[in-house]
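Reader: I would like a close look at a single part of this model, taken slowly and with its neighbours in view. Please begin with how the strands are arranged there.

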Amino acid sequence: MADQSFDIVILGGGPGGYVAAIRAAQLGMKAAVVERENLGGICLNWGCIPTKALLRTSEISHLLHTLPDYGFAPVEVRFELEKVVKRSRAVAKQLSNGVAHLMRKNQITVFDGNGRLAGKQALAVKKDGKPAATLRAPHIVLATGARARQLPGIEGDGKLIWTYRDAMVPTAFPKSLLVIGSGAIGIEFASFYRNMGAEVTVVEVLPRILPVEDEEISTFAHKAFEKQGIRIMTGVAVKAAKKGANDVTVTVEAGGKSQDITVARVISAVGIVGNVENIGLEGTGVTVDRSHVTIDEYCRTGEPGVYAIGDLVGPPWLAHKAMHEGVICVEKIAGLNDVHPMDVRNIPGCTYCRPQVASVGLTEARAKELGHEVKVGRFPFIGNGKAIAMGEPEGLAKTVFDARTGELLGAHMVGAEVTEMIQGYTIARTLETTEAELIRTVFPHPTVSETMHEAVLAAYGRTLHF
C-alpha cells in the first residue's frame with residue numbers, strides 16, 4: 001500500500017464530487033475521487049435520475065387512462081412492475097457508467113472504497129475493511145452526501161416500511177400506501193404510486209404540504225392532488241406503526257385525537273441526515289451542525305485544506321446546488337479571480353409530481369417578512385392556449401417583484417413542464433433583470449412559457465389574456 005500524491009482528492013463521487021474533480025482536471029490539477037459504492041452517488045443511482053424514469057412511466061399511465069379525451073378508443077391499461085423497475089435501474093446504470101467514462105476522459109483516478117481523513121493533507125482508503133491506499137493532497141474535498149432520516153420506531157425495514165431506496169425497487173405493487181412527509185421526495189412517490197393505481201395517503205406534520213414552496217402554490221397543488229384521489233392529512237403527527245403479516249397500521253394524531261390507518265406499505269420521507277460518521281472528522285477543525293458540515297462562502301471548513309460540498313453541508317439539498325458548489329470550491333482553490341459565492345436564492349427547486357412544481361427566489365410571505373413592498377402577478381394555465389391544447393390546463397404561474405426597484409424577488413409555478421421553464425426566471429434573477437426587461441422579452445407562441453410572461457405583466461396590471 002504505497003502513498004499516492006495528488007493536487008486534490010474528493011471523497012465521494014456524487015454530483016458534487018465528480019463535477020468538482022472534472023473542473024479540477026480542466027484547470028490542470030491532478031485529481032482523485034474516492035467512492036464507496038457507485039459513481040454518480042445517490043442522485044444518479046437512487047435519487048434524481050431513477051425516480052424520473054419511474055415518474056415518466058406514471059405519466060404515460062395517466063395519458064393511457066385519458067385516451068378518450070384525445071379521440072382514441074379506450075384501452076385496458078396494464079403494466080409489468082418488474083419491467084418498470086428494470087427500466088429505471090437501466091437508466092441509472094447508463095448514467096453511472098457515463099460518469100466513469102468522464103473520469104477516464106479527464107484522467108481522474110478513481111479509488112473504490114471508504115475514505116477517511118488521516119492527518120494533515122492525507123486520506124486513508126479502505127476496501128472491504130482492508131487498507132487500500134493513502135492519498136496525499138493539499139486540498140481534500142468532502143462530498144459524502146446524506147441518507148434518509150429515520151423516525152424512531154418507524155425505521156425502514158425494506159419490507160413493510162420503505163425508505164426512498166425501497167420505494168424505487170418494489171417486488172410487488174402495493175394496493176395502498178401511506179407516505180410520511182410531503183416534501184419533494186414524499187410527493188413524488190405519492191404521485192407515482194397514485195398514477196399507477198395505488199390508494200395513497202400523505203401525512204404531514206406541518207400545516208401544509210410542500211412547505212418550502214409559496215403558500216399559494218402549495219394550496220393549488222394540494223387541491224390538484226386531492227382531485228386525483230390522493231388523501232392528504234396536514235398538521236398530523238405520526239405516533240406509531242404496528243406491523244402485520246403483510247400490512248402496517250399507522251397511528252396518527254391531530255388536535256389531541258388519534259386514529260389508525262392500515263395500509264399495505266409505508267414510505268418514510270422525512271428529510272435527510274448528513275454522512276459525517278467515519279470520515280475522520282474527530283480532532284479536526286471541521287464543525288458539524290445537526291449532522292451537516294459548516295462551511296464558508298467558498299466551501300472551506302474550519303480545518304485548513306479541507307472543504308465540503310453538497311448534501312453534506314447546508315440546504316437546499318439539491319444535486320444542481322452540489323455541482324455548482326463543486327465548481328466554486330475548485331475554482332477558488334485554483335486561484336481564479338472571478339469566483340462568485342453561491343447565492344442560494346438563485347437556486348431553483350423542482351418537484352416532478354403531477355402537476356409539476358418549480359420555484360426560485362423568495363416566496364411572497366418571505367419577501368414581506370424581509371421588508372419588501374411587493375407587486376405580485378398571477379396567471380392561470382387555463383388562459384394559455386398551448387396548455388389547453390395539450391390537455392394540461394391545470395396550473396398557475398406567480399411572480400413576486402419589489403415594488404420600488406422592479407427586482408424579481410421570486411417566481412413560483414405549478415403545472416405541466418414547469419420544471420423545464422423555471423430556468424427562465426432563474427436566468428432573470430442571475431442577470432438581475434427588472435420587470436422592464438421581462439416585459440419587453442418576446443415569448444414564443446403558442447407555448448406554455450407564455451404564462452411566465454403573463455405573470456410578469458399581471459404584477460403591473462397589464463395582463464393580456466385573462
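Author: In this predicted model, a good place to start is Leu 123, which stands opposite Leu 135 of strand E7. The two strands concerned are E6, covering residues 122-127, and E7, and they pair in the antiparallel sense over six bridges. Together E6 and E7 form a hairpin with two residues between them, and in that turn Asp 128 has a positive phi of about 55°. Strand E7, residues 130-136, also pairs with strand E1, residues 3-5, here in the parallel sense and over three bridges. Leu 135 takes part in this pairing as well, as the bridge partner of Gln 4, so that Leu 135 in E7 has Leu 123 opposite and Gln 4 as a bridge partner, within strands for which pairing requires at least two bridges.

A separate site worth the same care is Glu 204, which belongs to strand E12, residues 199-204. Glu 204 is buried and yet has no salt bridge, since the nearest side chain of opposite charge, that of Arg 208, is 9.6 Å away, whereas a salt bridge is defined by a separation within 4 Å. The side chain of Glu 204 does, however, make a polar contact with the side chain of Ser 182 at 2.7 Å, and it reaches the backbone nitrogen of Leu 206 at 3.0 Å. Leaving aside residues up to four places away in sequence, Glu 204 touches Gly 181, Ser 182 and Gly 183, and also Met 233, Thr 234, Gly 235 and Val 236.

Key
Residues are numbered from 1 along each chain as its sequence is written. This is a predicted model: local features need pLDDT of at least 70, side-chain atom pairs count only at pLDDT 80 or more; totals for chains, interfaces and linings use all residues. Side-chain values use heavy atoms; hydrogens and water are left out. Helices (H or I, at least four residues) and strands (E, at least two) are DSSP runs, numbered from the N terminus. Buried means under 20% relative accessible area, exposed over 50%, partly exposed in between (1.4 Å probe, protein chains only). Lys and Arg count as positive and Asp and Glu as negative; His and the chain ends are not counted. A polar contact is a pair of N or O atoms within 3.5 Å; within protein, one must be able to donate a hydrogen and the other to accept it, and residues adjacent in sequence count only if both atoms are side-chain atoms. Contact means heavy atoms within 4.5 Å.
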